[in-house]
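Please work through the exercises below with the sequence and the model at hand. Each task is followed by a solution in steps.

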Amino acid sequence: MGTEQTFSIIKPNAVKKNVMGAIIEQFEKSGLKIAAAKLTVLTKSKCEEFYAEHKARPFFGELVSFMTSGPVMLMVLSGNNAVAKNREIMGATDPAKAAPGTIRKLFGDTMGENAVHGSDSPASAAREIALFFEKTEIVNR
């Protein structure tokens, strides 16, 4: 794979801990570039649309409540194999099981409050990016 884009969210717990810069540094040190970014508070309806695939799961309500509880940093990251690279940098979903030095190991609190979200495939990345960013907001760099 060559250069591609992926979607990332720095979640409310990481924003509250004021570690956005440290997380972005992890992306940049690994060769990913920020192509778009915005700090916002997700609306309940937008969050439910984003996590629609989890709607039937028992944790859905708790997830939406957490993700709308404070500001998040929405980002488009670009680089070689950006989806896979971002997944590697983030680490396992459960911070307790994440590899040392990964974002979730360093900054995650629990499996639900694990500091960051990243797209799991190029198709997911395209859908997630389109949900939050206009094409004109994304810089090709």
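The exercises treat a strand, the nonpolar cores, two loop residues and a pocket.

The model is predicted, so local features need pLDDT of at least 70 and side-chain atom pairs count only at pLDDT 80 or more, while totals for chains, interfaces and linings use all residues. Residues are numbered from 1 along each chain as its sequence is written, and side-chain values use heavy atoms, with hydrogens and water left out.

**Exercise 1. Determine which strands β1 pairs with, and how it is placed in the structure.**

Step 1. Helices (H or I, at least four residues) and strands (E, at least two) are DSSP runs, numbered from the N terminus. Two strands pair if DSSP finds at least two bridges between them.

Step 2. β1 pairs with β3 in the antiparallel sense over 8 bridges; Ile 10, for instance, has Met 73 as its bridge partner in β3. β1 also runs antiparallel to β4, through 3 bridges, and here Ser 8 is matched with Gly 118 of β4.

Step 3. Buried means under 20% relative accessible area, exposed over 50%, and partly exposed in between (1.4 Å probe, protein chains only). Since 6 of the 8 residues of β1 are buried, the strand is largely enclosed by the rest of the structure.

**Exercise 2. Characterise the surroundings of Thr 6 and Ile 10.**

Step 1. Thr 6 lies in β1 and is buried, at a relative accessible area of 0%. Ile 10 is also in β1 and counts as buried at 0% relative accessibility.

Step 2. Contact means heavy atoms within 4.5 Å. Leaving aside neighbours within four places in sequence, Thr 6 is in contact with residues including Leu 77, Val 83, Asn 86, Ser 119 and Ile 129. With the same exclusion, the contacts of Ile 10 include Val 15, Met 20, Ile 23, Val 72 and Val 116.

Step 3. The C-alpha atoms of Ile 10 and Leu 74 are 6.6 Å apart, although 64 residues separate them along the chain.

**Exercise 3. Describe the nonpolar cores.**

Step 1. A nonpolar core is a set of buried Ala, Val, Leu, Ile, Met, Phe, Trp, Tyr and Cys residues joined through side-chain atoms within 4.5 Å.

Step 2. The largest core has 21 residues, of which Phe 7, Met 67, Leu 74, Phe 132 and Phe 133 touch the most other members. Two or more residues come from each of β1, β2, α3, α4, β3 and α7, and α4 gives the most, with 5.

Step 3. Another core, apart from the largest, has 20 residues, among them Met 20, Ile 23, Leu 77 and Ile 89.

**Exercise 4. Locate Asn 18 and Asn 81, and state whether each is exposed or partly exposed.**

Step 1. Asn 18 lies in the loop between α1 and α2; its phi is positive, near 60 degrees. Asn 18 is exposed, with a relative accessible area of 65%.

Step 2. Asn 81 is placed in the loop between β3 and α5 and has a positive phi of about 50 degrees. At 30% relative accessibility, Asn 81 is partly exposed.

**Exercise 5. Identify the residues nearest the centre of the largest pocket, and the classes in its lining.**

Step 1. On a 1 Å grid over the protein atoms alone, a pocket is an open set of points where a 1.4 Å probe fits, with protein on both sides within 12 Å along at least five of seven lines; lining residues have an atom within 4 Å of a point.

Step 2. The lining comprises 26 residues, and Lys 11, Tyr 51, His 54, Leu 63 and Thr 93 lie nearest the centre.

Step 3. By class, the lining has 8 nonpolar (Ala, Val, Leu, Ile, Met, Phe, Trp, Tyr, Cys, Pro), 9 charged (Asp, Glu, Lys, Arg) and 9 polar residues (the others, Gly among them).
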